[in-house]
Amino acid sequence: MFIDVHCHLDSRFYDAEEVEKVIERARKKNVKIIIASGIGINENREVIELAKKYKEIKGALGVHPTEILRNIDEEIGFIRAHADKIIAIGEVGLDFLESKVDCDKQKKVFQKFIELAVELDLPLIVHSRKAEKECIEMLEDFKAKKIVMHCFSGGFKLIDRIAANGWNFSVPASVKYNEHFQNLVKRVDISQLLCETDAPFLHPSRDGKNEPSFVVESYKKIAEIKELSLKKVEIEIERNFRKLFGAKSN
Ligand SMILES: [Zn+2]
């Protein structure tokens, strides 16, 4: 089976009918687990509904660093109240490139989510654009252990530090053409890799709307780079997934 550990299937990008088709196509490709991530108030509620409706969809709730929320504690309260319905905290992190939220404020919010994930013993799905080092430092400081660095764009030194910490990387389907992700796959042991699409973004052929069925492209490229069969990569990645997500992975 294939697993997409990070995508966005909310109504900003897909209406109900489209989601139905997206899930159907995923089923046909044997993509059996799809983690839909929330980024803010509306999306988090939609994620809960999607996870209720489709057995393939598991929910992750969070507030994206580019989202401006007036009352973050209220949303954290909502997430805590729905902890039994989700598999991870995400998408959370820091974005010093595009966010309109100032860096200190982002750090304060990220800290709250790290503490929440540690408290609930849930993995964190981390966005770290142009703030890779800061993200790593905070995760280390607050002793988070269960981590997925999603679409990690930092350099080799930081990749090695993440690997040494025993954290995981999720490799987007754009690894098909993106050299940075290809190099990351070369460098990191397969036991620390997961796959994602970040749908609707990062289509494996650059253009068009991405979707979970395309996560297979990540697996194929990993198989090619690691010189393993596709089946072997499937088995390894599933094992990594079960290890990280524990009982919630079933
Ligand atoms: Zn994302």
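**Helix 7 and some unusual backbone spots**

Trainee: In this predicted model, which helix and strands, and which further helix, do the buried residues of helix 7 pack against?

Mentor: The model is indeed a predicted one, and the buried residues of helix 7 have several packing partners within it. Two of these are strands, namely strand 7 (168-172) and strand 8 (193-196). The helices they pack against are helix 6 and helix 8 (216-226).

Trainee: Which residues of helix 7 are buried, and on which side of helix 7 do they lie?

Mentor: The buried residues of helix 7 are F181, Q182, L184 and V185. An α-helix has 3.6 residues a turn, so residues three or four places apart point the same way. Here the buried residues cover an arc of only 160° around the axis, and therefore F181, Q182, L184 and V185 lie on the same side of helix 7.

Trainee: Which exposed residues does the face of helix 7 turned away from its buried side carry?

Mentor: To count as exposed, a residue needs over 50% relative accessible area. On the face of helix 7 that is turned away from the buried side, the residues that are exposed are E179 and K186.

Trainee: How is helix 6 oriented relative to helix 7?

Mentor: The axes of helix 6 (residues 156-164) and helix 7 (residues 179-187) come within 11 Å and cross at roughly 40°. Because this angle is neither under 35 degrees nor in the range 65 to 115, the orientation of helix 6 to helix 7 is oblique.

Trainee: Which residues of helix 6 meet helix 7?

Mentor: On the side of helix 7, the residues taking part are H180, N183, L184 and R187. By class, the contact has three nonpolar, two polar and two charged residues. The residues that helix 6 brings to this contact are F156, I159 and D160.

Trainee: Is D198, with its positive phi, buried or exposed?

Mentor: Most residues other than glycine have a negative phi, and most peptide bonds are trans. D198, in the loop between strand 8 and helix 8, has a phi near 55°. Its relative accessibility is 9%, and since buried means under 20%, D198 counts as buried.

Trainee: And is K143 buried or exposed?

Mentor: K143 sits in the loop between helix 5 (132-141) and strand 6 (147-150), and its phi is also positive, near 60°. With a relative accessible area of 57%, K143 is exposed.

Trainee: Which residues does the cis peptide bond with omega near 10° join?

Mentor: One partner is P200, whose place is in the loop between strand 8 and helix 8. This cis bond runs from A199 to P200.

Note on methods: Residues numbered from 1 in each chain as written. Predicted model: local features only at pLDDT ≥ 70, side-chain atom pairs only at ≥ 80, totals over all residues. Heavy atoms only, no water. Axes fitted to C-alpha atoms, helices over the stretch in contact; angles between N-to-C directions. Helix = DSSP H or I, 4+ residues; strand = E, 2+ residues; numbered from the N terminus. Parallel < 35°, antiparallel > 145°, perpendicular 65-115°, else oblique. Contact = heavy atoms within 4.5 Å. Nonpolar A, V, L, I, M, F, W, Y, C, P; charged D, E, K, R; others polar. Buried < 20%, exposed > 50% of the residue type's maximum accessible area, 1.4 Å probe, protein only. Arc of directions from axis to C-beta.
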